[in-house]
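Notebook open, one chain to look through today. I want the overall layout, then the aromatic pairs, then a few single residues.

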Amino acid sequence: MTLECINPRDLPTPTTYTQVVVARGTKLIFVAGQEPEDIDGKLVGPGDLAVQARQVFANLGRALAAAGALPEQVAKITIYVVDYERDRHLAIIEEARVVLFGDHKPADVLLGVTALSPGYLIEVDAFAVVDG
């Protein structure tokens with residue numbers, strides 16, 4: 001499996017994601033939206049985006065591992081955040097994200113949404129490509 005990360009010269013160079021990811025491999029893995037829940041399905045960190053973000057990315061890591069994928073094999077993620085405000089929320093999300101991905105920067109979409117499940121502030125899904 002290879003991921004080619006491209007930041008075209010005529011687009012802004014992001015610090016936390018890649019503009020274009022070309023994935024080559026034989027097995028696609030689609031991870032459903034991971035929510036800020038513990039193993040019993042209970043909400044973690046009510047009202048606290050930082051706690052919820054850490055839980056969501058930890059859960060994403062567990063889901064990837066169950067499918068035989070590593071974080072560095074993720075080509076794209078989508079992040080859903082309730083009432084997203086870039087200046088207030090982005091640094092919190094990126095701090096949790098880097099714990100899972102380190103220097104790997106998959107392509108991403110960050111969407112502000114009106115609501116998720118009651119009390120839930122963030123959800124993240126992913127696509128990974130591995131050699132099968």
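Before counting charges I fix the terms: Lys and Arg count as positive and Asp and Glu as negative, with His and the chain ends left out. On that basis I get 11 positive and 18 negative side chains in the protein chain. The centres of the two sets lie 4 Å apart. Note to self: this is a predicted model.

**Entry: overall layout**

I looked up the secondary structure and found two helices and six strands in the protein chain. Read from the N terminus, the order is β-β-β-α-β-α-β-β. The radius of gyration is 15 Å, close to the 14 Å that the globule rule gives for 132 residues, so the chain is as compact as a globular protein of that length. Along the principal axes, the C-alpha atoms fill a box of roughly 40 × 35 × 20 Å.

Next I checked burial: 39% of the 132 residues count as buried. The accessible surface comes to about 7300 Å², and carbon and sulfur atoms hold 54% of that. I also asked how far contacts reach along the sequence. Of those between residues at least 6 apart, 72% join residues at least 24 apart.

**Entry: aromatic pairs**

How many aromatic pairs does the count come to? I get two. The rings of phenylalanine 30 and phenylalanine 127 have centres 5.1 Å apart and planes at 90°, so I log this pair as edge-to-face. It links distant parts of the chain, with phenylalanine 30 in strand β3 (residues 27-34) and phenylalanine 127 in strand β6 (residues 122-130), 97 residues apart. Phenylalanine 30 is exposed because its relative accessible area is 55%, where the cut-off for exposed is over 50%. Phenylalanine 127, at 32%, counts as partly exposed.

The other pair I wrote down is phenylalanine 57 with phenylalanine 101, edge-to-face again, at 6.4 Å centre to centre and 80° between the planes. Phenylalanine 57 lies in helix α1 and phenylalanine 101 in helix α2 (residues 86-101), so this pair ties together parts 44 residues apart in sequence. Are these two residues buried or exposed? Both phenylalanine 57 and phenylalanine 101 are buried.

**Entry: helix α2 and its ends**

I then went through α2 for buried positions and listed His89, Leu90, Ile93, Glu94, Ala96, Arg97, Leu100 and Phe101. What covers them? The cover includes α1, β4, β5 (107-113) and β6. The spacing is worth a reminder: an α-helix has 3.6 residues a turn, so residues three or four places apart point the same way.

Ahead of the helix, aspartate 83 sits in the loop between β4 (74-82) and α2. Its phi is near 50°, a positive value in a residue other than glycine. I flag that since most residues other than glycine have a negative phi. Just after α2, glycine 102 also takes a positive phi, of about 60°.

From α2 I crossed over to arginine 54, which is placed in helix α1 (residues 49-66). Its C-alpha atom and that of alanine 96 are separated by 4.9 Å, though the two residues are 42 apart along the chain. At 47% relative accessibility, arginine 54 counts as partly exposed.

**Entry: loop residues**

Two stops in the loop between β3 and α1. Isoleucine 39 is found there, and it is exposed, with a relative accessible area of 84%. From isoleucine 39 to asparagine 59 I read 9.2 Å, C-alpha to C-alpha, across 20 residues of sequence. Aspartate 40 is in that loop too and is exposed at 61%. Its C-alpha atom is separated by 46 Å from that of arginine 9, with their positions 31 residues apart along the chain.

Last, threonine 18, in the loop between β1 (2-6) and β2 (20-24). Why do I log threonine 18 as buried? Because its relative accessible area is 4%, and buried means under 20%. Leaving aside neighbours within four places in sequence, threonine 18 is in contact with Cys5, Ile6, Asn7, Lys105, Pro106 and Ala107. For a longer span, I took threonine 18 to alanine 66: the C-alpha atoms are separated by 25 Å, at 48 residues apart along the chain.

Methods:
Residues are numbered from 1 along each chain as its sequence is written. This is a predicted model: local features need pLDDT of at least 70, side-chain atom pairs count only at pLDDT 80 or more; totals for chains, interfaces and linings use all residues. Side-chain values use heavy atoms; hydrogens and water are left out. Helices (H or I, at least four residues) and strands (E, at least two) are DSSP runs, numbered from the N terminus. Buried means under 20% relative accessible area, exposed over 50%, partly exposed in between (1.4 Å probe, protein chains only). The radius of gyration is taken over C-alpha atoms; the globule rule is 2.2 Å times the number of residues to the power 0.38. Contact means heavy atoms within 4.5 Å. Accessible areas come from the Shrake-Rupley method with a 1.4 Å probe; for residues, only the protein chains shown count as cover. The place of a charge is taken as NZ of Lys, CZ of Arg, CG of Asp or CD of Glu. Rings of Phe, Tyr and Trp (its six-membered ring) pair if their centres lie within 6.5 Å; planes under 30 degrees apart count as stacked, over 60 as edge-to-face and the rest as tilted.
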